[in-house]
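Student: Please give me a close look at one part, the interface, and then follow it into the chains. I would like the cut-offs as you go.

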Protein chains: 2
Amino acid sequence: MPAIIDHDARRVELAAIAAELIAERGVEAATVRAIAEAAGASTKVVSHYLADKRALMLATYRSAAESSAAMAGAAANSADVAAHLASLLPVGPQMVRNWRVWLAFWAFAISDAVFAAEQGGQVTRARRTIETVMMRDPRFAGLAEGMRETAARELITLVIGIAVQAAFDPAEWPLEAQLGPIAERLAALDLAARTGDKAGAGSTLQGQPTESRRE
Amino acid sequence: MPAIIDHDARRVELAAIAAELIAERGVEAATVRAIAEAAGASTKVVSHYLADKRALMLATYRSAAESSAAMAGAAANSADVAAHLASLLPVGPQMVRNWRVWLAFWAFAISDAVFAAEQGGQVTRARRTIETVMMRDPRFAGLAEGMRETAARELITLVIGIAVQAAFDPAEWPLEAQLGPIAERLAALDLAARTGDKAGAGSTLQGQPTESRRE
């Protein structure tokens with residue numbers, strides 16, 4: 001009688017092992033043989049689940065996204081934007097690993113429309129989650145919808161920009177350095193929410209602060 | 001009598017061709033054979049200059065960095081921060097190509113200390129150039145040094161965050177969308193420079209705008 005195998009669980013397990021290999025030793029190191037060894041499985045089994053480099057990259061990308069969603073889970077369900085954004089940054093081994101996997105994936109996404117759409121979709125989802133948490137956070141609940149959208153876009157842009165730099169220059173980007181620009185932006189938005197500054201935190205939309213300040 | 005060959009020029013030429021292949025069709029497509037074909041050279045010549053994948057990635061990365069420096073040259077020597085930052089964004093075929101090459105390089109840099117240092121160094125240089133242009137730009141010459149440093153760090157962070165998103169979702173990130181967050185940030189800094197707001201554009205450094213506003 002054949003063993004009952006949970007195929008989805010197996011796929012998830014192999015993808016996590018492959019993600020670990022990519023983050024630790026790079027894409028080239030995540031060979032079928034290396035994954036099989038690390039998983040204690042046969043190369044035949046690994047090849048079944050991760051048929052080629054493309055399937056491998058997509059599976060590890062999603063593995064990192066699921067890991068990140070799980071990490072952010074509590075923060076995303078809370079009403080604390082700062083805590084939620086902190087959970088997205090490459091702080092701690094799990095999120096450092098996830099960002100490395102995404103950076104590896106991007107190399108393939110530059111010339112693969114399906115991968116690019118996967119990445120675009122993930123950023124859009126992340127942005128919408130930020131908006132949702134903003135609506136729940138008493139500090140930002142007062143922001144106008146358009147401003148909340150703009151703010152979420154800017155915040156996810158900061159997260160990506162910080163994460164990319166931190167990935168390659170961790171000494172320059174300890175926790176406080178990563179959180180700093182985000183805390184500053186949130187403080188400005190907080191101020192805007194309380195003063196009803198529709199243009200957002202003392203800034204303007206068109207770069208002409210005195211002449212065309214919006215009301 | 002052997003032909004006189006300018007080895008540096010040859011290396012630069014082959015790296016540019018390889019960068020083109022990577023940006024168009026991905027890292028896997030930039031084989032010695034494909035580069036040789038595109039260059040009208042023998043595979044032996046290509047192998048001489050680009051001995052392995054590592055040499056190839058480093059050469060194409062530097063090729064993109066030089067291309068970008070050349071593109072930014074005029075803007076970097078000017079006194080216009082906005083124009084300089086615009087020249088760094090993936091707008092136009094040449095800068096879209098350069099960003100794709102960098103994204104490809106990052107996949108190798110996650111597990112290669114030399115590559116990571118190369119990337120870190122490039123970001124540091126870009127940040128310092130922004131600071132230099134800020135000092136020349138009449139709009140920002142009045143900013144305190146510490147604030148200029150912080151601003152340059154935030155601006156390069158925005159550039160990276162925008163470029164990564166634009167690379168995979170160009171429809172969402174036309175020119176105006178890429179320039180928008182940067183123009184807003186510059187307008188806030190402009191205001192801060194003129195009003196002498198040391199904390200920077202209505203924001204604070206610690207996320208507590210009312211209690212601990214810096215003077």
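Tutor: Let's begin with the word we need most: two residues are in contact when they have heavy atoms within 4.5 Å of each other. This is a predicted model, in which local features need pLDDT of at least 70 and side-chain atom pairs count only at pLDDT 80 or more, while totals for chains, interfaces and linings use all residues. Side-chain values use heavy atoms, with hydrogens and water left out; residues are numbered from 1 along each chain as its sequence is written, and chains are lettered from A and ligands numbered from 1 in the order in which they are written.

A good place to start is B:G161, which touches A:T157, A:I160 and A:G161 once residues up to four places away in sequence are set aside. B:G161 is in helix α8 (residues 145-168) of chain B; helices here are DSSP runs of H or I with at least four residues, strands are E runs of at least two, and both are numbered from the N terminus. Its relative accessibility is 0%, so B:G161 counts as buried (buried is under 20% relative accessible area, exposed is over 50%, and partly exposed is in between, with a 1.4 Å probe and protein chains only). Within its own chain, B:G161 and B:Q178 are 17 residues apart in sequence and 9.9 Å apart in space, C-alpha to C-alpha.

The symmetry puts this spot in context. A turn of 180 degrees with a shift of 0.0 Å along the axis lays chain A on chain B with an RMSD of 0.0 Å, the superposition being by least squares on the C-alpha atoms of residues with pLDDT of at least 70 in both copies. Such a relation is that of a two-fold axis. The C-alpha of chain A nearest this axis belongs to A:G161, 2.0 Å away from it.

Now for the interface as a whole. Here 54 residues of chain A are in contact with 54 residues of chain B. The copies meet through the same surface, because 100% of the interface residues of chain A are also interface residues in chain B. Between them the chains bury about 4300 Å², with 62% of it on carbon and sulfur atoms; buried area is the accessible area (1.4 Å probe) that two parts lose on being put together, summed over both. A:I110, A:F168 and A:E184 supply 18% of the area that chain A buries against chain B, more than any other three residues.

What about specific pairs? Across the interface of chain A and chain B the rule finds four salt bridges, each a side-chain nitrogen of Lys or Arg within 4 Å of a carboxyl oxygen of Asp or Glu. B:K53 and A:E28 meet through their side chains in a salt bridge of 4.0 Å, N to O. There are also seven residue pairs in polar contact across the interface, both residues being at pLDDT 80 or more. A polar contact is a pair of N or O atoms within 3.5 Å; within protein, one must be able to donate a hydrogen and the other to accept it, and residues adjacent in sequence count only if both atoms are side-chain atoms.

On the side of chain A that touches chain B, α1 (7-25), α6 (93-109), α7 (113-136), α8 (145-168) and α9 (175-195) each supply at least two residues. The most comes from α8(A), with 12 residues. By class, that side divides into 26 nonpolar, 13 polar and 15 charged residues, where Ala, Val, Leu, Ile, Met, Phe, Trp, Tyr, Cys and Pro are nonpolar, Asp, Glu, Lys and Arg are charged, and the others, Gly among them, are polar.

Following α8 into its own chain, A:E154 forms a salt bridge with A:R185, the closest N and O atoms being 3.0 Å apart. A:E154 lies in helix α8 and A:R185 in helix α9 of chain A, so the pair ties together parts 31 residues apart in sequence. A:E154 counts as buried at 8% relative accessibility, and A:R185 counts as buried at 10%.

Helix α9 of chain B has a partner too: B:D190 there is joined by a salt bridge to B:R139, with the closest N and O atoms 3.2 Å apart. B:R139 sits in the loop between α7 and α8 of chain B, 51 residues from B:D190. B:R139 is partly exposed at 29% relative accessibility, whereas B:D190 is buried at 7%. In chain A, a network of salt bridges links A:R139, A:D190 and A:R194.
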